[in-house]
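Work through the exercises below with the model open. Each task is followed by a stepwise solution.

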Amino acid sequence: MTEVILALDVGTRDAAVSIAEKTGPYLDAIKIGYPLVLAAGLTIADELSAGGLPLIADFKVADIPNTSRLIAEEVFSHGFSGIICHGFVGRDSVLACVDTAHDHGGECYVVTEMSHPGAVDFFHGGIAERIAALVCETGADGIIAPATRPERTQMLRTLIGTRKILSPGVGAQGGDPSAIAGIVDGIIVGRAIYESADPAGAAQQYAQFRSLRGTNP
Ligand code: XMP
């Protein structure tokens, strides 16, 4: 099944809780990061995780190993089940996040290539491929790869095998869910759900793509 992961980048605690409650029946996980946590505080993570859906911390951790470990420890003490880190920082920093996640029974996803147009400035030319190799070496649980470039995500799939791919860029950034859902394990959708006049209806629409997993392996 291709999971539907809501990127809940709203600016208040009340909006976050309200949208999470409305859309929850159509979701498989919720991802939060700097926008919501800086606005509402890290306790929002405890509150959302109590709702029962897995919660992924998108802090794109990119620091020295000790600081990355401290960030990951804080994340997993607040109910998160997964963390996203950058890969370009190298093996030791990625390992700090992977090991801390696994110590807590959680998962670590590594950004291999981002979804926005400027990502091609640095991630193309072999970097994404090298990060994918690092993911396999470090035992990370999966990668973040772009829904906006299905051909690149397909290429990354060949490098990481059955490790998970979570894919942002669907909806507001132009990514077509029908083109990516068959390649990946989860689509990450933000604005197309939380800015909709009917967030539950929008989430339900994306839930239709759950059945596409493996149709384009
Ligand atoms: P939208 O509103 O564009 O939100 O659907 C997308 C969400 O995903 C995050 N994002 C990324 N995270 N690598 C990541 O780790 C990426 O390439 C990437 N692209 C988008 C974004 O911050 C937002 O939460």
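**Exercise 1.** Find which residues Asp-63 touches, not counting residues up to four places away in sequence. Then decide whether Asp-63 is buried, partly exposed or exposed.

*Solution.* Note at the outset that this is a predicted model.
- Step 1: locate the residue. Asp-63 sits in the loop between β3 and α4 (65-76).
- Step 2: list the contacts. Beyond four places in sequence, Asp-63 touches Ser-68, Ile-71 and Ser-93.
- Step 3: count neighbours. Asp-63 has 17 other C-beta atoms within 10 Å, so it is partly exposed. The buried class needs 20 or more, and the exposed class 12 or fewer.
- Step 4: check the record. The UniProt annotation "active site", from an unreviewed entry, covers Asp-58, Lys-60 and Asp-63.

**Exercise 2.** Place Lys-60 in its strand and work out its exposure.

*Solution.*
- Step 1: Lys-60 belongs to strand β3 (residues 55-61).
- Step 2: 15 other C-beta atoms lie within 10 Å of Lys-60, so this residue is partly exposed.
- Step 3: leaving aside neighbours within four places in sequence, Lys-60 contacts Ile-84, Cys-85, His-86 and Val-111.

**Exercise 3.** Classify Val-4 as buried or exposed, and name residues that it contacts.

*Solution.*
- Step 1: Val-4 lies in strand β1 (residues 3-7).
- Step 2: Val-4 has 26 C-beta neighbours inside 10 Å and therefore counts as buried.
- Step 3: setting aside neighbours within four places in sequence, its contacts include Tyr-26, Leu-27, Ile-187, Val-189 and Tyr-206.
- Step 4: compare sequence with space. Val-4 and Leu-55 are 51 residues apart in sequence and 12 Å apart in space, C-alpha to C-alpha.

**Exercise 4.** Determine which strands β8 pairs with and which way its residues point.

*Solution.*
- Step 1: β1 and β8 run parallel, joined by four bridges. Ile-5 has Ile-188 as its bridge partner in β8.
- Step 2: strand β7 (residues 164-168) also runs parallel to β8, with three bridges. Here Leu-166 stands opposite Gly-186.
- Step 3: in β8 (residues 186-189), Gly-186 and Ile-188 point one way, Ile-187 and Val-189 the other. All are buried.
- Step 4: relate this to the rule. In a regular strand, side chains alternate between the two faces of the sheet.

**Exercise 5.** Identify the residues with the most contacts inside the largest nonpolar core.

*Solution.*
- Step 1: this core has 72 residues. Those with the most contacts inside it are Leu-8, Ile-83, Cys-97, Val-110, Ile-143, Ile-187 and Val-189.
- Step 2: helix α5 (residues 91-103) gives the most to this core, with six residues.
- Step 3: inspect Val-110. Among the residues it touches beyond four places in sequence are Cys-85, Val-94, Ile-131 and Ile-143.

Methods:
Residues are numbered from 1 along each chain as its sequence is written. This is a predicted model: local features need pLDDT of at least 70, side-chain atom pairs count only at pLDDT 80 or more; totals for chains, interfaces and linings use all residues. UniProt positions are given in the numbering used here, feature names are shortened, and annotations may be inferred rather than shown by experiment. Helices (H or I, at least four residues) and strands (E, at least two) are DSSP runs, numbered from the N terminus. Two residues are in contact if their C-beta atoms, placed from the backbone, lie within 7 Å. A nonpolar core is a set of buried Ala, Val, Leu, Ile, Met, Phe, Trp, Tyr and Cys residues joined through C-beta atoms within 7 Å. Two strands pair if DSSP finds at least two bridges between them.
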